[in-house]
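Please look over the model shown here. The report below covers selected features of it.

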Amino acid sequence: MNDSKLDALFRPVAKRLHANHMAFLGIRNTMRLAHFYNRIKFRRQDNWRRRLYETQLDALLAENGPPTRPRIEMQDGWAIDASLSLPYLDRVLGDSEKIIAERAGIRRSEPGKYRSYFQDVWTPADLEKYPSFLDFTTSSDVLSTVSHYLRNIPTLSTTLPSGIRFVESNAAFDDQPGKPHDSQLYHIDYYSLPNVYVLVLLRDTTPEHGPWTFLPRSISEKAARRLNYWTKQHGYRLNDEQIYSEVDRKEVIEFCGKRGTVLFIESSGCFHYGSRNSVKPRFQLMLGYLGACRTDFSEAIMPWKVYPVREADSRLRKMVLNKSMLP
Ligand SMILES: [Fe+2]
């Protein structure tokens with residue numbers, strides 16, 4: 001944990017405010033308060049990162065290894081790249097097969113565990129054992145898209161969501177199969193504004209795999225406004241009936257495709273759900289990027305993930321892997 005005196009003092013309150021998806025004050029109010037709190041703690045990092053984004057991004061990308069292609073542009077909160085050509089993707093897919101062969105198909109949780117249908121099989125030791133994942137995560141082509149969307153030099157999330165997840169979704173592990181619950185229901189993430197996910201299909205994915213499913217940002221924004229979402233009127237999750245009372249089902253996008261297809265998405269702007277009835281196991285890499293000032297209290301109440309940084313790493317890679325870094 002980043003054990004500042006401020007956190008130690010504030011932790012009991014933060015836990016209360018964060019609990020049950022920010023139910024005490026409502027999500028929007030809690031996010032405002034959390035942002036204010038995180039500005040006190042991280043404004044120097046945030047200001048520095050924003051300044052570097054505005055003035056030096058091209059130089060930082062070039063130094064990190066020049067982008068191999070024109071930038072993938074996220075539009076209306078998302079972009080899909082099905083070219084299978086992003087740097088390090090081949091190695092990620094090759095290493096993924098080793099991890100799948102070793103760990104897939106085994107339920108690791110006790111009955112009744114939260115989100116049993118969604119298992120993150122990634123371990124901290126994999127960061128060193130399989131360097132392809134961090135190479136992909138910090139590659140200039142990926143970071144260029146994410147940085148431009150955040151208008152900031154991103155950090156890999158230290159808490160929620162985990163910066164790197166290697167997830168098996170499997171209906172066989174689901175304690176309530178056929179009844180969508182938890183993250184199988186529509187919601188918009190509250191961790192940071194904005195928050196970008198880079199999702200990689202590690203195996204070919206079809207509707208039978210319980211694909212990550214979302215609505216574009218403009219549609220989501222309109223529905224959220226009309227439903228008064230993120231207020232105390234609703235919990236974090238909305239059922240299909242609530243969403244489709246405001247949204248035409250034809251707007252829904254399922255992230256299906258060939259192994260190696262990549263989705264860039266603002267999960268803090270687009271309604272989404274996933275892992276619903278994964279009758280065929282779904283394997284997906286999930287990378288979470290955000291700025292230095294989050295809109296939740298997770299860093300005050302949870303242990304931080306630590307990512308390995310080497311002396312020889314580029315400045316950009318160091319900044320992505322070490323949120324606390326300052327000039
Ligand atoms: Fe989410």
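The sections below take up the metal site, the surface and the charged pairs.

## Model and metal site

This is a predicted model. An iron ion is coordinated by three residues: H187 through NE2, D189 through OD and H272 through NE2. The coordination distance is 2.2 Å. Along the sequence, the donor spacing reads H-x1-D-x82-H.

Two of these residues can be placed by burial. H187 is buried. D189 is buried as well.

## Nonpolar surface patch

L6, F36 and I40 make up a nonpolar patch on the surface. Together they have about 290 Å² of accessible area.

F36 lies in helix α2, which spans residues 27-64. Its relative accessible area is 59%. F36 therefore counts as exposed, since the cut-off is over 50%.

## Salt bridges between distant parts

The whole structure holds 25 salt bridges. In one of them, the side chains of E63 and R315 meet at 3.1 Å, N to O. This pair links distant parts of the chain: E63 sits in helix α2, R315 in helix α10 (residues 315-321), and 252 residues separate them. E63 is partly exposed, at 41% relative accessibility. R315 is also partly exposed, at 33%.

E97 and R259 form another salt bridge, with the closest N and O atoms 3.7 Å apart. This pair, too, links distant parts of the chain. E97 belongs to helix α3, whereas R259 lies in the loop between β7 (253-254) and β8 (262-266). The two are 162 residues apart. E97 has 25% relative accessibility and counts as partly exposed. R259, at 31%, counts as partly exposed.

## A pair within one helix

D95 and K98 meet through their side chains in a salt bridge of 3.2 Å, N to O. Both residues are in helix α3, which covers residues 89-103. They are three residues apart, so about one helical turn separates them.

What is the burial state of each partner, D95 and K98? D95 has 11% relative accessibility and counts as buried because the limit is under 20%. K98 stands at 47% and counts as partly exposed.

## A charged network

Side chains of opposite charge can pair when their charged atoms come close. Here, a network of salt bridges links five residues: R91, D135, R310, D313 and R317. The arginines in this network are R91, R310 and R317. The aspartates are D135 and D313.

Key:
Residues numbered from 1 in each chain as written. Predicted model: local features only at pLDDT ≥ 70, side-chain atom pairs only at ≥ 80, totals over all residues. Heavy atoms only, no water. Donors = N, O, S within 2.8 Å, 3.2 Å for Na, K, Ca; no water. Buried < 20%, exposed > 50% of the residue type's maximum accessible area, 1.4 Å probe, protein only. Patch = residues over 30% accessible without salt bridge, like charges linked within 9 Å, V, L, I, M, F, W, Y side chains within 5 Å. Areas by Shrake-Rupley, 256 points an atom, 1.4 Å probe, with all protein chains shown as cover. Salt bridge = Lys/Arg side-chain N within 4 Å of Asp/Glu carboxyl O. Helix = DSSP H or I, 4+ residues; strand = E, 2+ residues; numbered from the N terminus.
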